[in-house]
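Visitor: Thanks for making time for me. Could we go through the cysteines, and then one charged side chain, with the reasoning spelled out?

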Amino acid sequence: MKPFEGKFRNKSSGYWTNKSEYNPSGGTTGFDSQETKLLTYWNTPFSKVCLGMKVNGQMNFTLITSQASSLHSLIADGQYRPTSLGRNRWIALTDSRASLQLNCNQEGFNTKASRRARVGILGNNENDCRTCDSAIGFGVDNRACGDLSSIRAMCYILVQ
């Protein structure tokens, strides 16, 4: 697998849409806390995406089967692409303190409701997605990675 690690600043950060490397030497240091964006973001086709979060030194990963010509082609255009991990697998990426309300559960790449995540899942206490109060993922509102309440994580996206 090729690393694409990073905790990009937020959902509207240009790092998600441009084709510029960011701190490429950080891609050689392993699963640490150095942010990096490698050219593999826009030039590596894949059939699997491995999502990882490191919270309080504990790393958790999950796998999405998804085929695309690159992560850039999957994320940069802003088009919603659903996944089917389920809320329990998203919560398991963080830790037991993660907050994800029971309703909505829209998940995938570029979730689009009252909140937006580049990669993640949205939750709501109402039985709709119009006023989502919670989310877990990558590039969610002003969180780089984690949930919206208290979990901040270092995140990793790897493709194969």
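Visitor: Are Cys-145 and Cys-155 buried or exposed?

Guide: Both Cys-145 and Cys-155 are buried. Please keep in mind that this is a predicted model.

Visitor: What makes Cys-145 and Cys-155 a disulfide?

Guide: Their sulfur atoms are 1.2 Å apart, and a disulfide is called when two cysteine sulfurs lie within 2.5 Å. Cys-145 sits in strand β8 (residues 143-147) and Cys-155 in strand β9 (residues 154-159), so the bond ties together parts that are ten residues apart in sequence.

Visitor: How many disulfides does the structure hold?

Guide: The structure holds two disulfides. In the other one, Cys-104 pairs with Cys-129, with the sulfur atoms 2.0 Å apart, and that meets the limit of within 2.5 Å. This pair links distant parts of the chain, 25 residues apart: Cys-104 belongs to strand β5 (residues 103-112), while Cys-129 is in the loop between β6 (116-124) and β7 (134-140). Counting bonded cysteines along the chain, the pattern is 1-2, 3-4.

Visitor: Why is the disulfide of Cys-104 and Cys-129 called right-handed?

Guide: The torsion about its S-S bond is about 105°, so the disulfide is right-handed.

Visitor: Why is Cys-104 called partly exposed?

Guide: Its relative accessible area is 22%. Buried would need under 20% and exposed over 50%, so a value in between is called partly exposed. Cys-129, at 23% relative accessibility, also counts as partly exposed.

Visitor: Why is there no bond from Cys-132 to Cys-104?

Guide: The sulfur of Cys-104 is the closest cysteine sulfur to that of Cys-132, but the two are 3.7 Å apart, which is too far for a bond. Cys-132 is buried, with a relative accessible area of 4%.

Visitor: And what about Cys-50, how far is its sulfur from the closest cysteine sulfur?

Guide: The closest is the sulfur of Cys-155, 12 Å away, so this is too far for a bond as well. Cys-50 has a relative accessible area of 11% and is therefore buried.

Visitor: Now the charged side chain: how do you know that Arg-87 has no salt bridge?

Guide: The nearest side chain of opposite charge, Glu-107, is 9.1 Å away, whereas a salt bridge needs the atoms within 4 Å. Arg-87 is buried all the same, and lies in helix α3 (residues 87-93).

Visitor: Which side chain makes a polar contact with the side chain of Arg-87?

Guide: That is the side chain of Asn-105, at 2.9 Å. Arg-87 also touches other residues, among them Leu-100, Leu-102 and Ile-121.

Notes:
Residues numbered from 1 in each chain as written. Predicted model: local features only at pLDDT ≥ 70, side-chain atom pairs only at ≥ 80, totals over all residues. Heavy atoms only, no water. Helix = DSSP H or I, 4+ residues; strand = E, 2+ residues; numbered from the N terminus. Buried < 20%, exposed > 50% of the residue type's maximum accessible area, 1.4 Å probe, protein only. Lys, Arg positive; Asp, Glu negative; His and termini not counted. Polar contact = N/O pair within 3.5 Å; in protein donor to acceptor, adjacent residues only side chain to side chain. Contact = heavy atoms within 4.5 Å. Lists of a residue's contacts leave out its neighbours within four places in sequence.
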